[in-house]
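Reader: Please take me through one part of this model in detail. I would like the sheet, what packs on it, and the loop beside it.

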Amino acid sequence: MVSVLLFYGVKKGGVYIVKVLRCSDMGVQCDWIGRAETEQELFKMASEHAATVHGMKEIPKELLAKAKTLIRDEK
Ligand SMILES: [Zn+2]
């Protein structure tokens, strides 16, 4: 069971917030943009994308940590 705290992304002060991660922000020449309601969902999408498009079976910890700092809130 995943902590409910992870699912804070949907509404904050009545504003709909979406988590956004851009592949190009990771230093990759790619125009993929991931959007999800939670970081968890976003990472899931990103790892699927990395696997299918960039051939990365596993995302290195360092890259994951970097990706975390690159997530933005979009209202
Ligand atoms: Zn990409």
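Author: Read from the start of the sequence, the chain runs β-β-β-β-α-α-β. That gives 2 helices and 5 strands. Helices (H or I, at least four residues) and strands (E, at least two) are DSSP runs, numbered from the N terminus. This is a predicted model: local features need pLDDT of at least 70, side-chain atom pairs count only at pLDDT 80 or more, and totals for chains, interfaces and linings use all residues. Residues are numbered from 1 along each chain as its sequence is written.

Now the sheet. It is open, has 3 strands in the order E4-E3-E5, and its pairing is antiparallel. Two strands pair if DSSP finds at least two bridges between them. E4 and strand E5 (72-74) are the edge strands, as each pairs on one side only. On average, neighbouring strands are turned by 35° against each other, direction ignored. Axes are lines fitted to C-alpha atoms, for helices over the stretch in contact; angles run from 0 to 180 degrees between N-to-C directions.

E3 and E5 share 3 bridges in the antiparallel sense. Val20 has Arg72 of E5 as its bridge partner. Helix H1 (residues 39-53) packs on the sheet and touches E3 and E4. The direction of H1 makes about 150° with that of E4.

Contacts show the packing residue by residue. Two residues are in contact if their C-beta atoms, placed from the backbone, lie within 7 Å. Leu42 touches Lys19, Leu21, Gly34, Ala36 and Ile71, leaving aside residues up to four places away in sequence.

Leu42 and Leu21 also belong to the largest nonpolar core. Its 5 residues are completed by Ala46, Ala50 and Ala67. H1 supplies the largest share, 3 residues. A nonpolar core is a set of buried Ala, Val, Leu, Ile, Met, Phe, Trp, Tyr and Cys residues joined through C-beta atoms within 7 Å. A residue is buried if 20 or more other C-beta atoms lie within 10 Å of its own, exposed if 12 or fewer, and partly exposed in between; C-beta atoms are placed from the backbone. Buried residues make up 11% of the 75 in the chain.

Last, the loop. Asp25 sits between strand E3 (18-22) and strand E4 (33-36). Asp25 is partly exposed, because 15 other C-beta atoms lie within 10 Å. Its C-alpha atom is 7.0 Å from that of Leu70, 45 residues apart along the chain. For the whole chain, 48% of contacts between residues at least 6 apart in sequence join residues at least 24 apart.
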